[in-house]
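This report looks at how parts of a protein chain that are apart in sequence can meet in the folded model, through nonpolar side chains and through charged ones. Please keep the sequence and the structure in view while reading.

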Amino acid sequence: MGDWTGILRLGTEARSGKTVANDVYFQGAFKVMRPVYHDDSGQACYYILNPGGGYLDGDRYQMKISLEKQAKLTLTTQSATKIYKTPQSHAYQEAEFHLKEGSYLEYIPDPLIGYQNARYKQKNVIYMEKGCSLLYSDIITPGWSPEGEKFSYDLLQLINEIYMDEELVVYDHIKLNPGSQNMEGLGLMEGFSHLGSMMVIDEKVNHDLLDRLYQALPTNSFECKIGLSLLPVPGFTVRVLANNTQVIEKIFSELHSILSQEWFNKKPSFLRKY
């Protein structure tokens, strides 16, 4: 394993109208459950488990996921990713995804929770071929602190790189560092405590779809703030500021439902475990 606390490798392929694993390997504090098939579409759902219960000082995790042509995969976590105090060295996770033509990946982890004095860096690198689809979301949540502070973590840094036919088409970098940033300021959290991001890439995304998604968004600016933008490739990104996880999850669920209904004529499966 080298310096890795946990390693996970998962390869999937379409076989007789059903997505199945052709390569599964995990070691250390990373595991994956047997696949769940929520409906008759053949789309597989895998839950990632962290037996350690949270990320600690110096923990390092590596994940590699691949989808062959026409494979359809939902990847999620069993529970929130909890980052505890890291006095010596930050916790780190890297993930690499390879999507072949005609494949579809939903990567929808539970929220990331940064507790007091937590430092965490995450990097997702996604390699896509033209004609495949991606739906990815993440939610950053502050953990409980004795003083009741909104931002008691030290650093939460999330980097997403998306390549289309080996060309970098999306680069997204979130860095929250309360010690050196005015977290309440414009361009950061602006009075909110939770941050949600969603990215969707699919050749069917256009201005008309974006207009319909915009109409489905809530308009109460006291409860949340929402930004929705087209990407350089057919796709869009959504950013949500709110004060609790459930508001962001509800918005993402509504958008996910619209896309699933339009593109696959089905409702997305309920993934959460509570």
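In this predicted model, leucine 75 is in contact, beyond its neighbours within four places in sequence, with Leu10, Tyr46, Ile48, Met63, Ile65, Phe97, Leu105, Glu106, Tyr107, Ile108 and Pro109. Leu75 belongs to the largest nonpolar core, which has 51 residues, and together with Met63 and Phe97 it touches the most other members. Apart from this core lies another one, of 25 residues, which includes Tyr104, Leu228, Ile248 and Trp263.

Charged side chains also pair up, and the structure holds eleven salt bridges, including the three in this table.

| Salt bridge | Closest N and O atoms |
|---|---|
| Aspartate 23 and arginine 9 | 3.0 Å |
| Lysine 266 and aspartate 39 | 3.3 Å |
| Glutamate 262 and arginine 212 | 2.6 Å |

Aspartate 23 lies in strand 2 (residues 18–28) and arginine 9 in strand 1 (residues 6–15), so their salt bridge ties together parts that are 14 residues apart in sequence. Lysine 266, in the segment after helix 2 (245–264), pairs with aspartate 39, in the loop between strand 3 (31–32) and strand 4 (44–49), and so joins parts that are 227 residues apart in sequence. Here lysine 266 counts as buried, because its relative accessibility is 17%, under the 20% limit, whereas aspartate 39, at 27%, is partly exposed.

Glutamate 262 lies in helix 2 and arginine 212 in helix 1 (residues 207–216), so this pair ties together parts 50 residues apart in sequence. Both glutamate 262, at 41% relative accessibility, and arginine 212, at 33%, are partly exposed, and with Asp208 they are linked in a network of salt bridges.

Note on methods:
Residues are numbered from 1 along each chain as its sequence is written. This is a predicted model: local features need pLDDT of at least 70, side-chain atom pairs count only at pLDDT 80 or more; totals for chains, interfaces and linings use all residues. Side-chain values use heavy atoms; hydrogens and water are left out. A nonpolar core is a set of buried Ala, Val, Leu, Ile, Met, Phe, Trp, Tyr and Cys residues joined through side-chain atoms within 4.5 Å. Buried means under 20% relative accessible area, exposed over 50%, partly exposed in between (1.4 Å probe, protein chains only). Contact means heavy atoms within 4.5 Å. A salt bridge is a side-chain nitrogen of Lys or Arg within 4 Å of a carboxyl oxygen of Asp or Glu. Helices (H or I, at least four residues) and strands (E, at least two) are DSSP runs, numbered from the N terminus.
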